[in-house]
Structures are given as C-alpha cells and as structure tokens.
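The following exercises are to be worked through with the sequence and the coordinates at hand. Each task is followed by a solution in steps.

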Amino acid sequence: VDDSGRIFVSEVKNNRVSVFEPDGTFAFQMSHSNLRNPKGIAFDVTANLHVADWYSSGKIHIFSSKGEYISQYDSHLSHPSCIVINEEGCKFIGSGYNYDKFEYAILGPAPENKLGVQREQSDLCSCSGITLDSHGVVYLCSKTTSPAKLPYSIQCFN
C-alpha cells in the first residue's frame, strides 16, 4: 500500500504488478519484458517500487509509482522472493528457493553497495514474507517456521 492508499499486488503467474485504488477499482499494471515471477515488493523513500523477481537471475526491478519501468539491479541471490527497504535506502532481500539453508543479501542505498550476502544453515528457509519495524529490526516469515525476529537490524554503513 502506498502513501495515497493504492494497493500493489504482485502477480507471479501473470508476470506483473497490478495496482488498485483505495476503493478497490483497478488502476493500472506494471510489467516489463524482463520481469518474470515477481514476488516481494517494497517502496523506497522516493516512492519507487522495487520488485523481487524470483525467476530472472536474481534481479530486482524498479518502477516509478506511476508504473514506469526505471531500471534493475542484482540482488546477489539466485531467487529473491522478499524485500524490505529502510529509511536510509538499505535493502534486506530474502531468497525463496533453498530448503536446507536461509539465504539473504543486504545492499546499501546504491544497489552496487553490497553489505553482505549470507547462506546459513537454519530452521528458517525459503523466505515468503518480510517486514521492518520502527527500530530497523527485520521480521520474516519462512515456509517451515513461524514468524521469526532476526537477531540483527538493517543498518547502513559508509
């Protein structure tokens, strides 16, 4: 949901993001020839929408809030499925593919600013949902566990 109350829905099988007005009426769709299996979506502080593309070699696509395609960047994961962005522009991206370990990447405000990529043996696997609280603590939902609070926060480093 954006600041004006519009609802953004990723449509995995239709390779697009659909946008609805607050009253539920259809507004428009976001798509691109490289967008395949969009999963997680998150707004940055400039109201651009970042879309985790599960299928296309780990890419995150960026659209304007009006649906215009802007660019893409590498998530450094094979199958990104969830994304959250903090106020400084740092991105926490979880993978939705591995069933024996938990994969995630932390990127700085500039997409090429890779702060870390981890692959950990864990009870957590295949990230299916993610959010961030007002203190910067990441919460995620895994297909095999109940919601979990991760033991760290997203922080930007210079």
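A salt bridge is a side-chain nitrogen of Lys or Arg within 4 Å of a carboxyl oxygen of Asp or Glu. The model examined here is predicted.

**Exercise 1. Salt bridges**

Determine how many salt bridges the structure holds, and state for each partner whether it is buried or partly exposed.

Solution.

Step 1. The structure holds two salt bridges. In general terms, side chains of opposite charge can pair when their charged atoms come close.

Step 2. One of them joins the side chains of Asp2 and Arg6, with an N to O distance of 2.8 Å. The cut-off for a buried residue is a relative accessible area under 20%. Asp2 is therefore buried, at 12%, and Arg6 is likewise counted as buried, at 14%.

Step 3. Arg16 and Glu11 form a salt bridge through their side chains, at 3.2 Å from N to O. Glu11 has a relative accessibility of 18% and so counts as buried, whereas Arg16 is partly exposed because its relative accessible area is 23%.

**Exercise 2. Overall architecture**

Describe the secondary structure and the burial of the protein chain.

Solution.

Step 1. The protein chain contains 14 strands and zero helices. Its pattern along the sequence is accordingly a succession of β elements.

Step 2. The chain has 158 residues, of which 44% count as buried. About 8,100 Å² is exposed, and carbon and sulfur atoms supply 48% of this area.

Step 3. Among contacts with a separation of 6 or more, 32% are made by residues 24 or more positions apart.

**Exercise 3. The largest nonpolar core**

Identify the residues of the largest nonpolar core and the strands that each supply at least two of them.

Solution.

Step 1. The core has eleven residues: Ala42, Ala52, Ile60, Ile62, Tyr73, Leu77, Ile83, Ile85, Ile93, Ala105 and Leu107.

Step 2. At least two residues of this core come from each of strand E6 (59-63), strand E8 (80-85) and strand E10 (102-107).

**Exercise 4. The surroundings of Ser75**

Establish where Ser75 is found, and which polar atoms of the backbone lie by its side chain.

Solution.

Step 1. Ser75 belongs to the loop between strand E7 (69-74) and E8. With a relative accessibility of 0%, Ser75 is buried.

Step 2. A polar atom of the Ser75 side chain lies 2.7 Å from the backbone oxygen of Gly58. A polar atom of that side chain also lies 3.1 Å from the backbone nitrogen of Leu77, a residue of the largest nonpolar core.

Step 3. Leaving out residues up to four places away in sequence, Ser75 touches Gly58, Ile60, Pro80, Ile93, Ala105 and Leu107. Ile60, Ile93, Ala105 and Leu107 are listed among the residues of the largest nonpolar core.

**Exercise 5. The loop between E4 and E5**

Compare Ala47 and Asn48 in burial, and give the phi angle of Ala47.

Solution.

Step 1. Both residues lie in the loop between strand E4 (38-43) and strand E5 (49-53).

Step 2. Ala47 counts as partly exposed at 32% relative accessibility, whereas Asn48 is buried at 18%.

Step 3. Most residues other than glycine have a negative phi, and most peptide bonds are trans. Ala47, in contrast, has a positive phi near 75 degrees.

Step 4. The side chain of Asn48 makes a polar contact with that of Thr46, at 3.2 Å. Beyond its neighbours within four places in sequence, Asn48 is in contact with Ala42, Phe43, Ile62, Phe63, Ser64, Ser65 and Ile70.

**Exercise 6. Arg36 and Asn15**

Locate Arg36 and Asn15, and state which residues Arg36 touches beyond those up to four places away in sequence.

Solution.

Step 1. Arg36 lies in the loop between strand E3 (26-30) and E4, and is partly exposed at 38% relative accessibility.

Step 2. Outside that stretch of sequence, Arg36 touches Asn15, Asp53, Trp54, Tyr55 and Ser56. Arg36 and Ala52 are 16 residues apart in sequence, and their C-alpha atoms are 9.6 Å apart in space.

Step 3. Asn15 is placed in the loop between E1 and strand E2 (16-20). Its relative accessibility of 28% counts as partly exposed, and its phi is positive, at about 55 degrees, although Asn15 is not a glycine.

Methods:
Residues numbered from 1 in each chain as written. Predicted model: local features only at pLDDT ≥ 70, side-chain atom pairs only at ≥ 80, totals over all residues. Heavy atoms only, no water. Buried < 20%, exposed > 50% of the residue type's maximum accessible area, 1.4 Å probe, protein only. Contact = heavy atoms within 4.5 Å. Areas by Shrake-Rupley, 256 points an atom, 1.4 Å probe, with all protein chains shown as cover. Core = buried A, V, L, I, M, F, W, Y, C linked by side-chain atoms within 4.5 Å. Polar contact = N/O pair within 3.5 Å; in protein donor to acceptor, adjacent residues only side chain to side chain.
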